[in-house]
Amino acid sequence: MGHKIFISYKYWDSNVYPLGWAPKYIVRDYVSKLEKYFGLTEDVYKGEHDDEDLSDLDDETIWSKLKDRIFDSTVTIIMISPGMRDFTKRDKSQWIPWEISYSLKEMERNDRTCWDVGSYRYLKTNELFEILRDNMFNHKNPTCRYFSSIDSNLYYGEASYIVSVKWKDFCDNPQSYIERAVSIKDNIDNYNITKEL
């Protein structure tokens with residue numbers, strides 16, 4: 001059986017690179033493409049489906065539904081889009097940081113422990129939610145070789161718990177990136193994880 005996937009994203013953000021010939025796309029279009037690729041059924045895809053609208057529900061009900069879905073997932077993918085972060089609001093007032101924080105926490109329910117794993121995004125770290133930045137370049141003993149704008153060091157290898165992958169690269173071999181995230185999760189003790197907002 002494949003890994004259960006939760007995708008955190010800003011549904012209506014239309015400031016995205018076009019996927020095809022249509023004049024306008026939103027982040028949800030990318031998520032739909034992933035659903036098709038993975039054949040994401042209710043048993044595998046733990047996120048919001050295209051025909052599902054949670055916006056009429058109160059925040060407590062939405063959060064309860066999201067927590068159940070995140071808990072039941074093994075991989076969290078974060079779709080980073082230019083308009084995902086509202087800079088006029090604190091990170092704690094936005095859904096995506098809460099979803100990431102909950103994904104990073106160790107939780108127990110009915111004698112079952114769950115850790116969710118890292119996700120994929122681009123490297124403009126100054127535009128990201130703090131919880132994303134804090135879980136980049138956070139390997140305790142890095143042996144990595146690429147430049148980090150966070151600490152001005154050069155790294156190579158798996159320096160980050162939350163891995164950055166361009167959409168095109170991810171689409172070339174999505175399953176390999178899912179397996180990479182699971183492998184990083186299996187070595188979580190090698191990273192300084194920030195879980196709280």
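Is S73 buried or exposed? Start there, and keep in mind while looking that this is a predicted model. S73 sits in the loop that runs between α2 (59–71) and β2 (75–78). A loop residue could go either way, so the number has to decide: S73 has a relative accessible area of 0%, and since anything under 20% counts as buried, S73 is buried. Its side chain has a partner too, reaching the backbone oxygen of I70 at 2.7 Å.

Now step back to the whole fold. The protein chain has six helices and four strands, and if you read along the sequence they come in the pattern β-α-α-β-α-β-β-α-α-α. Of the 197 residues in the protein chain, 45% count as buried. What about contacts that reach far along the sequence? Take the contacts between residues at least 6 apart in sequence: 65% of them join residues at least 24 apart.

Helix α1 is a good place to begin the tour. It covers residues 27–38, twelve residues in all, and goes 17 Å from its first C-alpha to its last, close to the 16 Å expected at 1.5 Å a residue. Its buried residues are V27, R28, Y30, V31, S32, L34, E35 and F38, so you'll notice R28 and E35 listed there alongside V31 and L34. What covers these buried residues includes β1 (5–8), α5 (167–172) and α6 (174–186). Right after α1 comes G39, and its phi is positive, near 60 degrees.

That helix leads straight into the core. The largest nonpolar core has 39 residues, and those with the most contacts inside it are I7, I77, M79, I100, L132 and F170. Several elements feed this core: β1, α1, β2, α3 (95–104), α4 and α6 each supply at least two of its residues. α1 gives the most, with five residues. Apart from this core lies another, of six residues, among them F6, W63, I70 and Y102. I70 is the residue whose backbone oxygen the S73 side chain reaches.

L132, one of the best-connected residues of the largest core, deserves a look of its own. It lies in helix α4 (residues 130–134), and at 0% relative accessibility it counts as buried. Pick out V163 as well: L132 and V163 are 31 residues apart in sequence, and their C-alpha atoms are 9.7 Å apart in space.

Next, the aromatics. A search of the whole structure finds eight aromatic pairs. A pair of aromatic rings is described by the distance of the centres and the angle of the planes. For W63 and W95, the centres are 6.1 Å apart and the planes are at 35 degrees, so this pair is tilted. W63 belongs to helix α2 and W95 to helix α3, so the pair ties together parts that are 32 residues apart in sequence. The two rings sit in unlike surroundings: W63 counts as buried at 15% relative accessibility, while W95, at 34%, counts as partly exposed.

W63 has a further aromatic partner in Y102. Here the arrangement is edge-to-face, with 5.7 Å centre to centre and 75 degrees between the planes. This pair links distant parts of the chain as well, with W63 in helix α2 and Y102 in helix α3, 39 residues apart. Both W63 and Y102 are buried. Taken together, W63, W95, W98 and Y102 form one aromatic cluster.

How covered is α3 itself? Mostly: eight of its ten residues are buried. The buried ones are I96, P97, E99, I100, S101, Y102, S103 and L104.

Finish with the charges. The structure holds two salt bridges. In one of them, the side chains of R85 and D91 meet at 3.1 Å, N to O, and both R85 and D91 are buried. In the other, K168 and D172 meet through their side chains at 3.4 Å, N to O. Why are K168 and D172 about one helical turn apart? Because they are four residues apart in helix α5. As for their setting, K168 is exposed, and so is D172. So the pair of salt bridges has one with both partners buried and one with both partners exposed.

How values were computed
Residues numbered from 1 in each chain as written. Predicted model: local features only at pLDDT ≥ 70, side-chain atom pairs only at ≥ 80, totals over all residues. Heavy atoms only, no water. Expected span 1.5 Å × (residues − 1). Buried < 20%, exposed > 50% of the residue type's maximum accessible area, 1.4 Å probe, protein only. Contact = heavy atoms within 4.5 Å. Polar contact = N/O pair within 3.5 Å; in protein donor to acceptor, adjacent residues only side chain to side chain. Core = buried A, V, L, I, M, F, W, Y, C linked by side-chain atoms within 4.5 Å. Salt bridge = Lys/Arg side-chain N within 4 Å of Asp/Glu carboxyl O. Phe/Tyr/Trp six-rings, centres within 6.5 Å; stacked < 30°, edge-to-face > 60°.
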